Amino acid sequence: MIEILPDLWICKNKDLKKIDDNVYLINCSDHLNFIGKFKDYNDEIKQKMLKYEILKLYKFVIDTINNIDKLLLNNKNIIVSCCNSLQFSPLVIIAYLIKFGKLNKEDAISFYKTKKTEIYEDELFFHNILNKINKKNIK
């Protein structure tokens, strides 16, 4: 487990041991199990399902970072996890840094990489979602 900010941790699902009662676990794998289910469909349906997945992912990220902020303000320990802690859990934490840390996207990613260098930065999900959050944060 790696502490990104005080009381905000990231880890792989397989590294989760018995969780203390005062720790709040956000398992991105459980919440985002719908992603990638469109691969066997025709191209038209794939495109529609992909748009739907991006919208649901964006909503999940926004809801989750708002919840993280409330929990941190109440002195709760939070663990954000996903299968390999390379894509969705970093996405959530970096989005949190953008919105509540008032960092721009590049600075948030750089800060995150000072704690954990391994990250999967795909254009479709990772940068697409962070760009939306970054734009709303600038306004």
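Reader: In what order do the four strands of the open sheet stand?
Author: In this predicted model, the four strands form an open sheet with mixed pairing. The strands β1 (2–5) and β3 (23–27) each have a single partner strand and stand at the edges, so one side of each is left without a neighbour in the sheet. Neighbouring strands are turned by 30 degrees against each other on average, direction ignored. The order is β1-β2-β4-β3.

Reader: Do β1 and β2 run parallel or antiparallel, and which residue of β2 stands opposite Ile2?
Author: Three bridges join β1 to β2, and these two strands run antiparallel. The two strands form a hairpin with two residues between them, in which Asp7 takes a positive phi near 75 degrees. Opposite Ile2, the residue in β2 is Ile10.

Reader: How many bridges join β3 to β4, and which residue of β4 is the bridge partner of Asn27?
Author: The strand β4 covers residues 77–82 and runs parallel to β3, to which five bridges join it. For Asn27, the bridge partner in β4 is Ser81.

Reader: Which helix lies across β1 and β2, and at about what angle does it run to β1?
Author: The helix in question covers residues 105–115 and lies across both β1 and β2, the latter being residues 8–12. This helix is α4, and the angle at which it runs to β1 is about 150 degrees.

Reader: Where is Lys116 found, and is it buried or exposed?
Author: Lys116 is found in the loop between α4 and α5, the latter helix covering residues 123–138. Leaving aside neighbours within four places in sequence, Lys116 is in contact with Ile2, Ile10, Ser85 and Leu86. The cut-off for a buried residue is under 20% relative accessible area, and because Lys116 has 6% relative accessibility, it counts as buried.

Reader: Which backbone oxygens does the side chain of Lys116 reach, and with which residue does Lys116 form a salt bridge?
Author: The side chain of Lys116 reaches the backbone oxygen of Ser85 at 2.9 Å, and it also reaches the backbone oxygen of Glu118 at 3.1 Å. In the salt bridge of Lys116, the closest N and O atoms are 3.7 Å apart, and the acidic partner is partly exposed, with a relative accessible area of 45%. The backbone oxygens are those of Ser85 and Glu118, and the salt-bridge partner is Glu118.

Reader: With which residue does Lys113 form a salt bridge?
Author: The structure holds four salt bridges, and in the one formed by Lys113 the closest N and O atoms are 2.8 Å apart. Lys113 is partly exposed, with a relative accessible area of 33%, and its partner is likewise partly exposed, with a relative accessible area of 30%. That partner is Glu121.

Reader: Why are Asp63 and Lys59 separated by about one helical turn, and what is the N to O distance of their salt bridge?
Author: An α-helix has 3.6 residues a turn, so residues three or four places apart point the same way. Asp63 and Lys59 are four residues apart in helix α2 (residues 43–73), and they are therefore separated by about one helical turn. Asp63 counts as partly exposed at 39% relative accessibility. The side chains of Asp63 and Lys59 meet in a salt bridge whose N to O distance is 2.7 Å.

Reader: What span should the 31 residues of α2 have, and which residue with a positive phi follows α2?
Author: At 1.5 Å a residue, the 31 residues of α2 should span 45 Å, and this agrees with the end C-alpha atoms, which are 45 Å apart. The residue that follows α2 has a positive phi near 60 degrees. The expected span is thus 45 Å, and the residue is Asn75.

Reader: Which residues does Thr64 touch, not counting those up to four places away in sequence?
Author: Thr64 is found in helix α2, and at 8% relative accessibility it counts as buried. Not counting residues up to four places away in sequence, the residues that Thr64 touches are Ile26 and Val92.

Reader: How many of the 12 residues of α3 are buried?
Author: Helix α3 (residues 88–99) reaches 16 Å from its first C-alpha to its last, close to the 16 Å expected at 1.5 Å a residue. Among its buried residues are Phe88, Pro90, Val92 and Tyr96. The helix is largely enclosed by the rest of the structure, because the number of its 12 residues that are buried is 11.

Notes: Residues are numbered from 1 along each chain as its sequence is written. This is a predicted model: local features need pLDDT of at least 70, side-chain atom pairs count only at pLDDT 80 or more; totals for chains, interfaces and linings use all residues. Side-chain values use heavy atoms; hydrogens and water are left out. Two strands pair if DSSP finds at least two bridges between them. Axes are lines fitted to C-alpha atoms, for helices over the stretch in contact, and angles run from 0 to 180 degrees between N-to-C directions. Contact means heavy atoms within 4.5 Å. The expected span of a helix is 1.5 Å times one less than its number of residues. Buried means under 20% relative accessible area, exposed over 50%, partly exposed in between (1.4 Å probe, protein chains only). A polar contact is a pair of N or O atoms within 3.5 Å; within protein, one must be able to donate a hydrogen and the other to accept it, and residues adjacent in sequence count only if both atoms are side-chain atoms.
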